[in-house]
Amino acid sequence: MNKQNHRSTNLEFRKVYLSDMRSVINIYQPTQGKTIKLTADFGLPLSIVSEDKEVIGFAFATINEQDEVVLNSRGLQQEVPSDIGDELIEEAKRTLYATFGDLQDDNTKLKKSIHKLVDWLNTCQ
C-alpha cells in the first residue's frame with residue numbers, strides 16, 4: 001500500500017482497547033490455531049490501524065537490551081508501509097506519554113505493565 005492508497009482507503013488510527021487484543025495477538029503470531037506463549041518481546045500494544053473495522057496493524061513499546069524504550073509496528077504482512085507505520089508510531093507515542101509520562105529516567109512502570117499484560121494474556125489463551 002503506498003501513500004496514495006493510504007489516503008484513499010478508510011483507515012482509522014487509534015489507541016488499543018482490550019477488545020482488540022485477539023486481533024493484535026493474531027497479527028503478532030499468526031499460528032493457525034496453535035497457542036504459543038507470549039514473551040516480553042510482545043511488548044505493550046499502544047495503537048492500532050484498522051481498515052473497515054478490521055485491525056490490520058499495531059504499534060507497541062518494548063524495552064531493549066540497553067534498557068531503552070523502543071516503539072515498533074507490525075502488520076498483517078509483518079512489514080507495515082512506512083507512511084502507515086509512521087502514523088502508528090506517532091499515535092503510540094501519544095498514548096505512551098499520556099499513560100506513563102516521560103520515561104527517560106525510569107521505565108520501571110512500563111516494564112511491569114508489559115510483564116503483567118503478557119502474563120495475563122498467556123493465562124487467558
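Guide: A residue counts as buried under 20% relative accessible area, as exposed over 50%, and as partly exposed in between, with a 1.4 Å probe and protein chains only. The structure above is a predicted model, in which local features need pLDDT of at least 70 and side-chain atom pairs count only at pLDDT 80 or more, whereas totals for chains, interfaces and linings use all residues. Residues are numbered from 1 along each chain as its sequence is written, and side-chain values use heavy atoms, with hydrogens and water left out.

Visitor: Why is D67 called partly exposed?
Guide: The relative accessible area of D67 is 39%, and a value between the 20% and 50% limits is given that name. D67 sits in the loop between strand 3 and strand 4, and its phi is near 65°, a positive value in a residue other than glycine.

Visitor: What makes D52 exposed?
Guide: D52 has a relative accessible area of 57%, and the class of exposed residues starts over 50%, so D52 belongs there. The residue lies in the loop between strand 2 and strand 3, and its phi is likewise positive in a residue other than glycine, near 50°.

Visitor: Why does D20 count as buried?
Guide: Its relative accessibility is 5%, and the limit is under 20%, so D20 counts as buried. D20 belongs to the loop between strand 1 and helix 2. Leaving aside neighbours within four places in sequence, D20 is in contact (heavy atoms within 4.5 Å) with R14, K15, I48 and V55.

Visitor: What is the pattern of helices and strands along the protein chain?
Guide: Read along the sequence, the pattern is α-β-α-β-β-β-α-α, made of four helices and four strands. These elements are DSSP runs numbered from the N terminus, helices being H or I with at least four residues and strands being E with at least two.

Visitor: How do you know that strand 1 and strand 2 pair?
Guide: Pairing asks for at least two DSSP bridges between two strands, and strand 1 and strand 2 share five, in the antiparallel sense, so they qualify as a pair. F13 stands opposite V49 in strand 2, and on strand 3 the bridge partner of V49 is G57. Strand 2 and strand 3 also run antiparallel, joined by seven bridges, and they form a hairpin with two residues between them, D52 being in the turn.

Visitor: What makes strand 1 and strand 4 edge strands?
Guide: The open sheet of four strands has the order 1-2-3-4, with antiparallel pairing, and strand 1 and strand 4 (69-75) each pair on one side only. From one strand to the next the twist averages 20° (axes are lines fitted to C-alpha atoms, for helices over the stretch in contact, with angles from 0 to 180 degrees between N-to-C directions). Helix 3 packs on this sheet, touching strand 1, strand 2, strand 3 and strand 4, and its direction makes about 140° with that of strand 2. Helix 4 packs on the sheet as well, touching strand 2, strand 3 and strand 4, at about 130° to the direction of strand 3.

Visitor: Why is strand 2 called largely enclosed?
Guide: Seven of its eight residues are buried, so strand 2 is largely enclosed by the rest of the structure. For the protein chain, 43% of the 125 residues count as buried.

Visitor: How do you know that the length of helix 3 agrees with its number of residues?
Guide: The expected span is 1.5 Å times one less than the number of residues; for the 19 residues of helix 3 this gives 27 Å, and the end C-alpha atoms are 26 Å apart, which agrees. Its buried residues include I84, L88, A92, L96 and F100. Just after helix 3, G101 takes a positive phi of about 70°.

Visitor: Which residues have the most contacts inside the largest nonpolar core?
Guide: They are F42, L96 and L110, in a core of 33 residues. Helix 3 (82-100) and helix 4 (108-124) are among the elements that each supply at least two residues of this core, as are strand 2 (44-51) and strand 3 (54-63). The name applies to buried Ala, Val, Leu, Ile, Met, Phe, Trp, Tyr and Cys residues joined through side-chain atoms within 4.5 Å. Not counting residues up to four places away in sequence, L110 touches L44, A61, I63, V69, L96, F100 and L103.
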